[in-house]
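Subject: Handing over the structure

Hi,

Here is the structure I promised to pass on to you. Have a look at it first, and then read on for what turned up.

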Amino acid sequence: MRILVVNVNTTITMTRAIAAQARDVARPGTEIVPLTPFFGPESVEGNFDSYLAAVGVLDRVLAYEAPYDAVVQAGFGDHGREGLQEMCDVPVVDITDAAAHAACLIGRSFSVVTSLDRAVPQIEDRLRLSGLYNRCASIRASGVGVLDLKRDRVAATEAVVAQARAAVEHDGAEVVCLGCGGMAGLDAEVRSATGAPAVDGVTAAVALAESLVGLGLSTSKVRTYLPPREKTVAGWPLSKELGMRPHPSPSPARLSD
């Protein structure tokens, strides 16, 4: 089984950290292929970044020519998952949905600890879209920028743990979700500090993707996630030399200049 794990930003070190986290939980025989978009923001912090990153992720997945069995989008609260589901005939799992679904299986309520406060409304919107917001006790911002999660790991960990503890002690959370792909690997610290289960979206997404593939299940193509209608797309960036054919749709859209 081959799973593409796509970082939503263009920071290579973050892609490597996400890939390491994914490989830690992958089953024997599962190959994790980390992908970094060819273009896009170095970190995704806000709606402009998120929409730009969504196009970069689509472009990067379309450029991958070898067969694959599932895609994991490694951006918490970010846009683009629905577009990937239209383009791909394999399961597409977003780490936001994966973390929240896993949390709902092991607790009555969950909280999300994310990076900056501006990310909170986006995460709220994604959870509402997924039908999971009613189980969310709170979404707390650690105040740590995405890139700062790697630059000062000690300070970032302290900030994330402090908000996780507050979510459990004051908000009634029974499970804590790490609300940023750059927080991969902090689940042990959060669990130790709070006594509550901590869910990392990357590992949850990999496990769910493996399960869907094993069950022979993929995205429904009955209505919402039908492949895009065939049409010319003017000025598509960077990957146009590949012909921009969706993978592995039997009736690919024609994306060209």
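In what order do the four strands of the open sheet with strands 1 to 4 run, and is the pairing parallel or antiparallel? The order is 2-1-3-4, and the pairing is parallel.

Before the details, a word on the source: this is a predicted model, in which local features need pLDDT of at least 70 and side-chain atom pairs count only at pLDDT 80 or more, while totals for chains, interfaces and linings use all residues. Residues are numbered from 1 along each chain as its sequence is written, and side-chain values use heavy atoms, with hydrogens and water left out.

**The sheet 2-1-3-4**

Helices (H or I, at least four residues) and strands (E, at least two) are DSSP runs, numbered from the N terminus. Two strands count as paired if DSSP finds at least two bridges between them. At the edges of this sheet are strand 2 (31–35) and strand 4 (92–94), each pairing on one side only. From one strand to the next, the twist averages 20 degrees; angles run from 0 to 180 degrees between N-to-C directions, with axes as lines fitted to C-alpha atoms, for helices over the stretch in contact.

Three bridges hold strand 3 (residues 70–74) and strand 4 in a parallel pair, with Gln-73 opposite Asp-94 of strand 4. Helix 2 (residues 47–63) packs on the sheet and touches strand 1 (2–7), strand 2 and strand 3, its direction making about 150 degrees with that of strand 1. Contact here means heavy atoms within 4.5 Å. Helix 9 (residues 201–214) also packs on this sheet, touching strand 1, strand 2, strand 3 and strand 4, at about 160 degrees to the direction of strand 3.

**The sheet 6-5-7-8**

There is also an open sheet of four strands in the order 6-5-7-8, with parallel pairing. Its edge strands are strand 6 (136–141) and strand 8 (198–200), each pairing on one side only. Strand 5 (residues 110–114) runs parallel to strand 6 and is joined to strand 6 by five bridges; Val-113 stands opposite Arg-140 there. Strand 5 also pairs with strand 7 in the parallel sense, over four bridges, and Ser-111 has Val-176 as its bridge partner.

Strand 7 in turn pairs with strand 8 over three bridges, again parallel, with Cys-177 opposite Val-199. Both faces of strand 7 are covered: Val-175 and Cys-177 on one side, Val-176 and Leu-178 on the other, are all buried (buried means under 20% relative accessible area, exposed over 50%, partly exposed in between, with a 1.4 Å probe and protein chains only). Helix 8 (residues 187–194) lies across strand 7 (175–178) and strand 8, at about 170 degrees to strand 8.

**Cysteines and rings**

How many disulfides are there? With a disulfide taken as a pair of cysteine sulfur atoms within 2.5 Å, the count is zero. Cys-177 is not bonded because its sulfur is 7.8 Å from the closest cysteine sulfur, in Cys-136. Cys-177 has a relative accessible area of 0%, and Cys-88 is buried at 2%.

The whole structure holds one aromatic pair. Tyr-64 and Tyr-68 form this pair edge-to-face, 6.0 Å centre to centre and with 65 degrees between the planes. (Rings of Phe, Tyr and Trp, its six-membered ring, pair if their centres lie within 6.5 Å; planes under 30 degrees apart count as stacked, over 60 as edge-to-face and the rest as tilted.) Both Tyr-64 and Tyr-68 are buried.

Best wishes
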